[in-house]
Amino acid sequence: MSIKKDTKKEIISKFATNEKDTGSAQVQIAVISERINNLTEHFKLHKHDNHSKTGLIAMVNRRKKLLSYISNKDNQKYKETHN
């Protein structure tokens with residue numbers, strides 16, 4: 001499901017290029033990845049939650065597009081983000 005504010009701030013500070021960076025592709029990928037991880041844990045308990053599965057698929061597709069964007073722009077940043 002959603003992530004806590006503290007966890008999100010930690011993720012943003014870890015992947016941000018400067019202190020005000022909250023919207024770069026690396027930060028967005030990290031936040032989306034955390035949300036995807038939370039949803040996969042949610043689905044272990046709630047297998048028939050089809051509405052959330054639709055949202056999960058949308059998040060995976062968005063993360064894939066952002067990873068593609070980074071790989072085209074800067075291959076080194078892609079390797080750092082992807083690992």
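**Exercise 1.** Find which residues of helix α3 are buried in this predicted model, and compare the reach of α3 with the expected value.

*Solution.*
Step 1. Locate the helix: α3 covers residues 50-73, which is 24 residues.
Step 2. Apply the cut-off for buried, under 20% relative accessible area. In α3, the residues S52, L56, M59, L66, L67 and I70 are buried.
Step 3. Take the reach from the first C-alpha of α3 to its last, 35 Å. The expected value at 1.5 Å a residue is 34 Å, and the helix comes close to it.

**Exercise 2.** Describe how α1 and α2 pack, and state which residues meet.

*Solution.*
Step 1. Helix α1 spans residues 5-15 and helix α2 spans residues 25-45.
Step 2. Their axes lie 9 Å apart, at an angle of about 145 degrees. The crossing of the two helices is right-handed.
Step 3. From α1, the residues T7, K8, I11, I12 and F15 take part; they meet Q26, V27, A30, V31 and E34 of α2.
Step 4. Sorted by type, the residues of this contact are 6 nonpolar, 2 polar and 2 charged.

**Exercise 3.** Place D21 in the chain, decide whether D21 is buried or exposed, and list its surroundings.

*Solution.*
Step 1. D21 sits in the loop between α1 and α2.
Step 2. D21 counts as buried because its relative accessibility is 10%, and the cut-off is under 20%.
Step 3. The side chains of D21 and S24 form a polar contact of 2.9 Å. A polar atom of the D21 side chain also lies 3.5 Å from the backbone nitrogen of G23.
Step 4. Leaving out residues up to four places away in sequence, D21 touches I12, A16 and V27.

Conventions:
Residues numbered from 1 in each chain as written. Predicted model: local features only at pLDDT ≥ 70, side-chain atom pairs only at ≥ 80, totals over all residues. Heavy atoms only, no water. Axes fitted to C-alpha atoms, helices over the stretch in contact; angles between N-to-C directions. Helix = DSSP H or I, 4+ residues; strand = E, 2+ residues; numbered from the N terminus. Left-handed = near helix turned anticlockwise from the far one by under 90°. Contact = heavy atoms within 4.5 Å. Nonpolar A, V, L, I, M, F, W, Y, C, P; charged D, E, K, R; others polar. Expected span 1.5 Å × (residues − 1). Buried < 20%, exposed > 50% of the residue type's maximum accessible area, 1.4 Å probe, protein only. Polar contact = N/O pair within 3.5 Å; in protein donor to acceptor, adjacent residues only side chain to side chain.
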